[in-house]
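Work through the exercises below with the sequence and the 3D view side by side. Try each task before reading its solution.

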Amino acid sequence: FRIAALKDPTAMCLVELMSLSDTANEMMEGKENVVSTGNTYEFTLAGSADEVTPSLMKGDLDIACVPANLASVLYNKTGGNVQLAALNTLGVLYVVENGDTVHSMADLAGQTLYATGKGSTPEYALNYVLEANGLTPGQDLQVEYKTEHAELATLLASGQATLALLPQPFVTSVLTQNPDARVALDLTEEWNKASDGQSALTMGCIVVQKKFAEEHPEALKRFLEAYEASVKFTNGADTLETAAQYAEDFDILKKAVAVKAIPECNIVFTAGDEMKTIAGGFLQVMYDANPSSVGGSLPDDAFYYHAK
C-alpha cells in the first residue's frame with residue numbers, strides 16, 4: 001500500500017497504524033514496512049492536498065486521505081478510477097480572531113479573512129456559508145488564501161494576521177501560543193444553520209484507486225479494519241496521551257497541543273451506506289453552490305466503495 005495523508009486530522013487518524021511499524025523512522029523516510037495487519041505500507045505525509053493530487057492522478061498512490069470534495073473531483077477527472085472508501089473527518093473549521101469584533105457571520109463584512117484550502121472543501125464551505133448570510137467574497141469582504149495551514153497558524157499566532165479560517169488542530173495551536181486569539185465562529189454550526197440541518201460539513205475522507213480495490217479486496221478490507229481501529233485509538237480517552245505522542249513523533253503536531261486538539265478534531269470512521277448518505281448530502285450542497293467544487297458533476301453510485 002502506498003498511502004498519503006495530510007499533516008492534519010487525517011494523519012492523526014493513522015498514528016496507531018503508522019506506529020505499528022518496527023522502524024518508524026525508516027517509515028517516515030518512505031521505506032516500506034510490514035505491520036501487524038499482514039499488509040505492507042509506505043506512508044507519505046504532505047503539507048497540502050496539492051502535493052497529493054498529482055500522484056493520485058498518475059496512479060502513484062493506492063490510498064490517500066484528502067478533502068471530501070476533492071474525492072469527487074478526482075473521480076470525475078480520472079473517469080471513475082478513484083473511489084471513496086470512508087469518511088474520516090467531519091467539521092473542523094473555525095474562524096479565529098486576534099481581538100473581539102466578530103460574533104456573527106455578518107461581522108465579517110468589510111474585513112480581510114485569511115484562509116487555507118483554496119480549491120477544496122474549506123474554500124467552498126466558506127463561500128457557501130458566506131453567501132447564505134448575504135456576503136459575497138471579493139465584494140463584501142476579502143478572502144486571502146495561504147498554501148499551508150501551518151503557515152497561516154504561524155501568522156495568526158504571532159499577531160501578523162488578525163482574522164483567519166483554520167482547521168483543528170491548528171486552531172488549538174494558535175490559542176496555545178497567542179493569549180489574545182479566540183474562536184469567533186464555528187463553521188460547522190454556521191453550515192448547519194445555512195443548510196437547515198439537511199447536510200453535514202464533511203472535511204476529510206479516504207480514497208482508493210479502483211484498480212487496486214478490485215485486485216486486492218481482502219488486503220483493502222484489512223486496511224480499513226486497521227484504519228477504523230486506529231481512529232478508535234486516536235479518539236480513546238485512555239489512549240489520548242499515546243496518540244498525541246505519536247502525533248509529535250511523526251512531526252504532525254506537538255504532543256501538548258495534540259492532547260488538547262484531538263478531542264476537537266471530529267475524527268470519525270464512516271463507511272458503507274452511512275458514508276454514502278452523509279457524503280452525498282454534502283456533495284449536493286457543494287454542487288449547488290459551485291459545480292466545479294465537485295468536478296463539474298455529482299458522482300454516481302460507483303463512486304462509493306463497498307467492501308465485499
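Two exercises follow, one on a strand and one on cysteines, both for a predicted model.

**Exercise 1. Determine how enclosed strand β9 is, and find its partners.**

Solution.

1. Locate β9 at residues 163–167.
2. Sort the side chains by direction. Leu163, Leu165 and Pro167 point one way, while Ala164 and Leu166 point the other way.
3. Check burial on both faces. Buried means under 20% relative accessible area. Each of these residues is buried, whichever way it points.
4. Conclude: five of the five residues are buried, so β9 is largely enclosed by the rest of the structure.
5. Find the antiparallel partner. Strand β6, residues 93–98, is joined to β9 by five bridges. Leu93 stands opposite Pro167 here.
6. Find the parallel partner. Strand β7, residues 112–115, pairs with β9 over two bridges. In this pairing, Ala115 stands opposite Leu165.

**Exercise 2. Decide whether Cys65 and Cys265 are in disulfides, and whether each is buried or exposed.**

Solution.

1. Recall the chemistry. A disulfide is a covalent bond between the sulfur atoms of two cysteines.
2. Set the cut-off: the two sulfur atoms must lie within 2.5 Å.
3. Test Cys65. Its nearest cysteine sulfur is that of Cys13, 6.5 Å away, and Cys65 is in no disulfide.
4. Test Cys265. Its sulfur is 8.6 Å from the closest cysteine sulfur, again in Cys13, so the distance is too far for a bond.
5. Take the total: the count is zero disulfides.
6. Add accessibility. Cys65 has a relative accessible area of 1%, so it is buried. Cys265 is at 0% and also counts as buried.

Note on methods. Residues numbered from 1 in each chain as written. Predicted model: local features only at pLDDT ≥ 70, side-chain atom pairs only at ≥ 80, totals over all residues. Heavy atoms only, no water. Buried < 20%, exposed > 50% of the residue type's maximum accessible area, 1.4 Å probe, protein only. Helix = DSSP H or I, 4+ residues; strand = E, 2+ residues; numbered from the N terminus. Pairing = 2+ DSSP bridges.
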